[in-house]
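Trainee: Could we go through this model together, with you showing me how each label is earned?

Mentor: Gladly; let us have it in front of us.

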Amino acid sequence: MNRCSRKPVGPRGGACTAGVTGVDFSPRSTGVCQSGTDARRFARGMRTTTMRRLIARLAMVAMVAFATVDQAHSAVMSEWSLNNTTNGGLLPGGTNNFGPSPFNPTLKDSNVTVGGLTRGTGVGTTGTGAASGWGGNAWDGNASFAAAVTANDFVTFTVKADAGFELSLTDIAAYNVRRSSSGPTTGQWQYSTDGTTFADIGSAITWGGTTSGSGNSQSAISLSGISALQNVPDTTTVTFRVVNWSASSSGGTWYLNGAGTTTAEQFLIVNGTTAVPEPSTLGFAGLGVALAGLGAWKRRAAAVVLGRI
């Protein structure tokens, strides 16, 4: 055995003189240089022990990450109560009163921001509005969908996930539409994720011929099959609009109706879920970085033990 000619360096070991190939870095080391075989054995043992400890710690971190994944929160994303009796008198109707624009939701999810129902610039509000209805008139002069878009004869609202969340939309619940005999007969729901380019949701809807307060029942509209409306990040605002056409006079009216015969149809409701974006994905990315760092550390540890640096 040869003793090192210098004081020990490293954790508790020593620096070897020429011709000595390894250093004992064990806690009991007295700075005595060991053979290269012993050093390599120690290097392997140290790497194995350290790796086991690190893997155990990373496993614990991963389990915590999976356990804290925010489960999808399913709820009403936005809801407009259209019945004047139950919404506190927000839609009384009367002279030139077709409801406020924008008309903010009466209920929304805590993780989203909602832009209220807003009339396009082509929609009028001159005349007598119906109680428990939100809408307008002056839909006339447009015989087609394209003409109605050009004339801004539509209504819109927006939904956006708050910071740190993503949004998935499932459906627009069953609702009710009221129109006068000269109001628009046909409409088309659309959506946009940039506020400019719109895509149809289903096909055009014939609103129905009932012109009384009970209105015309409309089926729920599924959104879950539209990929662009799933896992929408907090940087994207989803805009919905309803384009109306084929009214026969300027006084013809159209409303989202809160005076329907069923309670469910007295609301306009958008359902969906909000969730924190996949923390498990981030966890795997972090694990990969940690393992890459472990590999680099292992190489450095081996070099120190074998006297290469």
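Mentor: Keep in mind that this is a predicted model. Let us begin with strand β8, residues 166-172: six of its seven residues are buried, so β8 is largely enclosed by the rest of the structure.

Trainee: What makes β8 and strand β17 a pair?

Mentor: Pairing asks for at least two bridges, and β8 shares six with β17 (residues 267-275), in the antiparallel sense. One of the matched positions is Glu166, whose bridge partner in β17 is Ala275.

Trainee: How do you know that β8 also pairs with strand β14?

Mentor: β14 covers residues 221-222, and two bridges join the antiparallel strands β8 and β14. The requirement is at least two, so this counts as a pair. Here Ile172 stands opposite Ile221 of β14.

Trainee: Which strands make up the open sheet, and in what order?

Mentor: There are four, in the order β6-β16-β9-β13, with antiparallel pairing. β6 (133-136) and β13 (216-218) each have a single partner strand, so they stand at the edges, and one side of each is left without a neighbour in the sheet. From one strand to the next, the twist averages 30°.

Trainee: What makes β9 and β16 partners in that sheet?

Mentor: Three bridges join β9 (residues 175-179) to β16 (residues 254-257), and the two run antiparallel. Within this pair, Val177 stands opposite Leu256.

Trainee: Now the rings. How many aromatic pairs are there?

Mentor: The count comes to eight. Take Phe145 and Trp245, with 5.7 Å centre to centre and 75° between the planes.

Trainee: Why is that one called edge-to-face?

Mentor: The centres must lie within 6.5 Å, and planes over 60 degrees apart count as edge-to-face. At 5.7 Å and 75°, Phe145 and Trp245 meet both conditions, so the label holds. Phe145 lies in helix α2 (residues 145-150) and Trp245 in strand β15 (residues 237-245), so their pairing ties together parts that are 100 residues apart in sequence.

Trainee: Why is Phe145 called partly exposed, and why is Trp245 called buried?

Mentor: Buried means under 20% relative accessible area and exposed means over 50%. Phe145, at 28%, falls in between, so it is partly exposed. Trp245, at 10%, is under the 20% limit and therefore buried.

Trainee: What makes Phe157 and Phe240 a stacked pair?

Mentor: Their centres are 5.2 Å apart, with 25° between the planes. Stacked means under 30 degrees, so 25° qualifies. Phe157 is in strand β7 (residues 154-161) and Phe240 in β15, so this pair ties together parts 83 residues apart in sequence. Phe157, at 3% relative accessibility, counts as buried, and Phe240 is buried too, with 0%. Ring pairs also link both of them with Trp80, Tyr175 and Trp189 into a cluster.

Trainee: How do you know that Arg241 sits over the ring of Phe198?

Mentor: The distance part of the test is 6 Å from the ring centre, and the charged end of Arg241 is 3.8 Å from the centre of Phe198. Arg241 also lies over the face of Phe154, at 4.9 Å from the ring centre.

Trainee: And which residues does Gly122 touch, leaving aside those up to four places away in sequence?

Mentor: Gly122, in the loop between β4 (112-119) and β5 (128-129), touches Asn137, Ala138, Ala151, Asn152 and Asp153. Gly122 and Asn137 are 15 residues apart in sequence, and their C-alpha atoms are 9.0 Å apart.

Methods. Residues are numbered from 1 along each chain as its sequence is written. This is a predicted model: local features need pLDDT of at least 70, side-chain atom pairs count only at pLDDT 80 or more; totals for chains, interfaces and linings use all residues. Side-chain values use heavy atoms; hydrogens and water are left out. Buried means under 20% relative accessible area, exposed over 50%, partly exposed in between (1.4 Å probe, protein chains only). Contact means heavy atoms within 4.5 Å. Axes are lines fitted to C-alpha atoms, for helices over the stretch in contact, and angles run from 0 to 180 degrees between N-to-C directions. Rings of Phe, Tyr and Trp (its six-membered ring) pair if their centres lie within 6.5 Å; planes under 30 degrees apart count as stacked, over 60 as edge-to-face and the rest as tilted. A charge sits over a ring if NZ of Lys or CZ of Arg is within 6 Å of the ring centre and within 35 degrees of the ring normal.
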